[in-house]
Amino acid sequence: MEKRLFGTNGVRGIVNKELTPQIVFELSLAIGAFFNKGAVFLGRDGRRSSEVFSYLVSAGLMETGCIVYDAGMLPTPALQWATRRGDVNGGVMITASHNPPEYNGIKVMDKDGIEIIREKEENIEKIYFNKEWQLSTWDRIGKKIDKSYMLEEYKESIKSFIDEEKVKAARFKVVVDPGNGVGALVTPYLLRELGCKVLTINGNIDGTFPGRFPEPSLENISDLCTAVKAFKADFGVAHDGDADRAIFVDERGIAHWGDRTFALIEKTFLEENPGETIVTPISSSKVIGEIAQLYGGKIVWTEVGSTIVSRRMQEINAKLGGEENGGIFYGEHIPARDGAMAAALIANILAKTEKPLSQLLNEIPIYYSIKTKVECPHSIKFKVLEMIKEEVYGEKIETIDGVKIWFSNDSWVLIRPSGTEPIYRLFAEAKTEEQAKKLVSEYKTKIKAFIKKAEEK
Ligand code: MG
């Protein structure tokens with residue numbers, strides 16, 4: 001197998017074990033060579049290792065003659081937005097998103113603000129493994145320019161898509177839980193500027209993530225649910241470590257998974273923009289397709305991965321995309337998922353409809369979904385997938401990413417091999433929780449049997 005550095009989310013690893021200073025510096029020399037002496041935006045999240053990584057990345061970029069536009073600490077979508085609108089060759093974000101505190105990572109953005117495509121990653125990998133970078137002559141070493149004021153303009157961009165007067169008049173009470181991540185730099189201030197009374201929990205940026213795990217899963221945000229009830233807030237919002245995702249809690253203190261709020265945003269968007277196309281991965285709820293049908297929209301289903309959604313949106317000029325994990329892509333602001341944008345959109349919808357969030361979400365058809373995984377060695381993943389494809393007997397099959405089987409009773413299962421881990425991911429959705437559970441256990445057993453068979457061959 002060829003040597004690789006980039007996974008599905010840039011280069012990720014455990015700090016000073018997998019990602020040593022040497023690797024980060026040499027990778028940055030390779031990225032600098034790739035960007036060919038141009039200007040490059042640089043940002044970082046609030047992890048313990050992000051500051052030192054930003055020195056290493058700056059050094060690598062400058063040594064290869066690039067000009068570093070240093071945006072400092074900020075959410076990933078803010079860096080992407082700055083890169084897209086700036087006159088630069090690309091951007092670099094130092095973040096490990098929702099990973100545990102000991103991890104960090106490096107994401108490389110193209111000049112359109114979206115992560116670079118696989119072929120460009122291969123270019124960088126080739127430069128890195130062959131040490132093909134060239135150090136600048138002494139008089140051509142790059143410099144660093146402070147761009148830490150970018151956040152103000154980024155917030156203005158979000159506000160330009162919101163009915164500010166209406167939201168201000170509603171005087172919402174909101175609890176924000178950035179999970180000690182960089183979302184703390186934007187969402188509380190943005191909502192305050194929109195006239196909301198904001199209470200923030202886990203609002204101090206701390207790379208040890210003392211408040212909760214950086215993944216905003218429903219189990220991890222119970223404090224937010226409690227705070228929403230105690231504060232009698234209209235809603236609560238939780239971000240992951242780099243604030244590109246947003247999970248919402250309604251005024252009763254109940255947290256909702258991402259595709260429910262995505263469906264609500266989709267519904268409002270299509271009411272205002274009938275005929276538009278919505279981009280979403282094949283792992284999203286059936287409800288996304290139903291809302292599109294009801295409100296005159298079209299759906300483009302994609303493989304799983306936020307970069308794939310971004311790229312597809314860009315290709316077909318789609319204005320809205322979303323993921324089940326709380327990623328909302330608002331194309332006119334930036335076709336990349338953005339947690340603060342999502343929070344502003346929800347406030348906008350509440351102000352416009354004058355209905356509580358729980359009621360708005362209740363008006364969306366309800367499905368129950370379950371996710372699980374089955375261990376499977378990389379070497380037999382392909383064989384197993386072929387076996388599954390041969391044996392499926394569902395009503396309708398979709399093979400955009402893995403195998404998705406639709407059943408006649410409004411339920412489906414998606415079986416897909418993980419690109420990075422030795423596992424198969426299994427998603428099921430049905431009209432009742434029991435049905436979803438039944439599907440998961442049934443297919444878990446089947447996959448295990450296929451794996452056993454593949455191992456014996
Ligand atoms: Mg993230």
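**Entry 1: salt bridges**

I began with the term itself: a salt bridge is a side-chain nitrogen of Lys or Arg within 4 Å of a carboxyl oxygen of Asp or Glu. I kept in mind that this is a predicted model. The side chains of lysine 286 and aspartate 410 fit the rule, with N and O 2.9 Å apart. Where do lysine 286 and aspartate 410 lie? I found lysine 286 in helix α10 (residues 286-294) and aspartate 410 in the loop between β19 (403-406) and β20 (412-417), so this pair ties together parts that are 124 residues apart in sequence.

Next I asked whether each partner is buried or exposed, or something between. Lysine 286 has a relative accessible area of 18%, so I wrote it down as buried, because buried means under 20%. Aspartate 410 has 26%, so it went down as partly exposed.

**Entry 2: a buried pair**

I then looked up aspartate 177 and found it in a salt bridge with arginine 212, where the closest N and O atoms are 2.8 Å apart. Aspartate 177 sits in strand β7 (residues 173-177), while arginine 212 is in the loop between β8 (197-200) and α8 (222-230), so the pair ties together parts that are 35 residues apart in sequence. Both aspartate 177 and arginine 212 are buried.

**Entry 3: one more pair, and a network**

Glutamate 421 and arginine 425 caught my eye too, since their side chains meet in a salt bridge of 3.0 Å from N to O. I noted glutamate 421 as partly exposed, at 34% relative accessibility. Arginine 425 is also partly exposed, at 25%.

Which residues are linked in a network of salt bridges? I listed Glu152, Lys155, Glu156, Lys159 and Glu193. For the whole structure, my count came to 33 salt bridges.

**Entry 4: the magnesium ion**

Which protein donors does the magnesium ion have? I wrote down Ser97 (OG), Asp240 (OD), Asp242 (OD) and Asp244 (OD), which lie 2.0 to 2.2 Å from the ion. Along the sequence, these donor residues follow the spacing S-x142-D-x1-D-x1-D. Serine 97 and aspartate 242 link distant parts of the chain, being 145 residues apart. I located serine 97 in the loop between β4 (90-94) and β5 (103-109), and aspartate 242 in the loop between β9 (235-239) and β10 (246-249). Serine 97 and aspartate 242 are both buried.

**Entry 5: cysteines**

I reminded myself that a disulfide is a covalent bond between the sulfur atoms of two cysteines. How many disulfides does the structure hold? My tally was zero. I still checked two cysteines for burial. Cysteine 66 has 0% relative accessibility, so it counts as buried. Cysteine 376 counts as buried as well, at 1%.

**Entry 6: the whole protein**

Last, I stepped back to see the protein as a whole. I counted 15 helices and 21 strands. The C-alpha trace spans about 70 × 65 × 40 Å along its principal axes. A compact globule of 457 residues would have a radius of gyration near 23 Å, and the protein, with 22 Å, agrees with that.

Buried residues make up 58% of the 457 residues. Among contacts with a separation of 6 or more, 69% are between residues 24 or more positions apart. The accessible surface comes to about 19,100 Å², and carbon and sulfur atoms account for 49% of that surface.

Methods. Residues numbered from 1 in each chain as written. Predicted model: local features only at pLDDT ≥ 70, side-chain atom pairs only at ≥ 80, totals over all residues. Heavy atoms only, no water. Disulfide = S-S within 2.5 Å. Buried < 20%, exposed > 50% of the residue type's maximum accessible area, 1.4 Å probe, protein only. Donors = N, O, S within 2.8 Å, 3.2 Å for Na, K, Ca; no water. Helix = DSSP H or I, 4+ residues; strand = E, 2+ residues; numbered from the N terminus. Rg over C-alpha atoms; globule rule 2.2 N^0.38 Å. Contact = heavy atoms within 4.5 Å. Areas by Shrake-Rupley, 256 points an atom, 1.4 Å probe, with all protein chains shown as cover.
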